[in-house]
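Visitor: Could you walk me through one part of this protein in detail? I would like to start from a single loop residue and work inwards.

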Amino acid sequence: MTAVIRVGTRASALAMAQTRQIAERLAKATGAEIELVPVTTEGDTSRASLASLGGTGVFAVALREALIAGECDVVVHSLKDLPTADHPKLRLGAVPKRADARDALCARDGLTLATLPAGARIGTGSPRRIAQLAAARPDVVAVDIRGNIDTRLGKVEKGELDAVVLAAAGLGRLGRMDAVTELFELSDWPTAPGQGALAIEVRRERGDRQLELALESIDHGTTRATVLAERLVLAGLEAGCSAPVGATAFVDGELLFLTATVYSADGTRQLTSSHAATPDSRSAADLADAARDVAERAVAELLGNGAAELAPPEESQ
């Protein structure tokens, strides 16, 4: 067994916090020493908006390069930042159980989206959230911002913004749920495919057997299947991970459900498709088949109704 497992991660506070959670589980499962390997990505250094960067891969490319180069043994991504196309040299070693997939409003004075005044300035770097805000409250102003969670919350505390919209999972992992004034229900406010989930990526060839067993113990089959369904919507629409697309999949009883929504950039139009499938069993293969089934039907319906006009395909998926 490898004496030291090197875990690659972005160097942000959130990335380090969520990677430490994975590191602790790997250490417990293998008995190995864990070394965190911080990696700086394009998304960390550029101040440009995610929309102008294209979104796809800006937080993942450098991590993947470090893994391929042998600088680390596994890397931990926020799954929503991972490109949907398979990598020829890498594979998903594990998808741990998903955290809260919802978006959260963090507003001054305990305000909610409904009680914010007209003209309120709400910060977000996500084209999807901008479109959703415009659809829900066309009288507020969405402000394109970048920066880590503390930086964004600080803009509200300093009065530069009236509110920000952030992922509940990230706030929870950093212990900042105290800043939340409203949680948006997924039925009304679908979030980015894979939001709230982590992805542990490894080289495609099989490595240390004990590490492989540890990754299997961390993997959560239901989460892997539901995020697969959501991400296949992005892939089928040929949209990048910053596109104005929301998707929510879940397993309830014997059924796997998927709802996907595509927004126009200004939030004035949206298309939604919902489908369900019954997996033959709870095996990984049958859950994956059900995920592909619902995603394929949702994509066909969305494209048939004009989704490509609302969210044009990304030039370089």
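Does Asp109 count as buried or exposed, and at what relative accessibility?

Guide: Happy to. Asp109 counts as exposed, because its relative accessibility is 64%; the cut-offs, for a 1.4 Å probe and protein chains only, are under 20% relative accessible area for buried and over 50% for exposed, with partly exposed in between. Before we go further, please note that this is a predicted model, in which local features need pLDDT of at least 70, side-chain atom pairs count only at pLDDT 80 or more, and totals for chains, interfaces and linings use all residues. Residues are numbered from 1 along each chain as its sequence is written, and side-chain values use heavy atoms, with hydrogens and water left out.

Asp109 sits in the loop between β5 and β6. Strands here are DSSP runs of E with at least two residues, helices are runs of H or I with at least four, and both are numbered from the N terminus. The backbone of Asp109 is worth a look too: its phi is near 60°, a positive value in a residue that is not glycine.

Now step from the loop to the sheet. Five strands make up an open sheet with mixed pairing, in the order β7-β6-β8-β5-β9. Its edge strands, each pairing on one side only, are β7 (141-144) and β9 (182-183). Two strands count as paired if DSSP finds at least two bridges between them.

Strand β8 has β6 on one side and β5 on the other in that order. With strand β6 (residues 121-124), strand β8 (residues 163-167) pairs in the parallel sense over two bridges; there, Gly123 has Val164 of β8 as its bridge partner. Helix α6 (residues 149-157) packs on the sheet, where α6 touches β5 (103-107) and β8, and the direction of α6 makes about 155° with that of β8. Contact, here and below, means heavy atoms within 4.5 Å. Angles run from 0 to 180 degrees between N-to-C directions, and axes are lines fitted to C-alpha atoms, for helices over the stretch in contact. Turning to the β5 side, β5 and β8 run antiparallel and are joined by five bridges, and Ala107 has Ala163 as its bridge partner in β8.

How well covered is β8? Five of its five residues are buried. That holds on both faces, with Ala163, Val165 and Ala167 on one side and Val164 and Leu166 on the other.

Next to β8, strand β5 holds Cys106. Cys106 counts as buried because its relative accessibility is 2%. Apart from neighbours within four places in sequence, Cys106 is in contact with Ala163, Val164 and Leu166, with Leu153 and Val156, and with Asp162, Leu171, Ala179, Val180 and Thr181. To give you a sense of scale, Cys106 and Gly196 are 90 residues apart in sequence, while their C-alpha atoms are 17 Å apart in space.

Another residue that touches this region is Arg129, found in helix α5 (residues 127-136). Arg129 has a relative accessible area of 9%, so it is buried. Outside its neighbours within four places in sequence, Arg129 is in contact with residues including Val165, Leu166 and Ala167, along with Asp103 and Thr124. Trp189 and Gln195 are also among the contacts of Arg129.

Let me add a second strand pair and a helix pair for context. Strand β4 (residues 90-94) is mostly covered, with four of its five residues buried. This strand, β4, pairs with strand β10 (residues 198-203) in the antiparallel sense over four bridges, and the partner of Arg91 in β10 is Val202.

As for the helices, α1 (residues 13-30) packs with α8 (residues 209-218) at an angle of about 125°, and their axes are 9 Å apart. The two helices, α1 and α8, are therefore oblique to each other; angles under 35 degrees count as roughly parallel, over 145 as roughly antiparallel, 65 to 115 as roughly perpendicular, and the rest as oblique. From α1, the residues Arg25, Leu26, Ala29 and Thr30 meet Gln210, Leu211, Ala214, Leu215, Ser217 and Ile218 of α8. The residues of this contact between α1 and α8 are six nonpolar, three polar and one charged, where Ala, Val, Leu, Ile, Met, Phe, Trp, Tyr, Cys and Pro count as nonpolar, Asp, Glu, Lys and Arg as charged, and the others, Gly among them, as polar.
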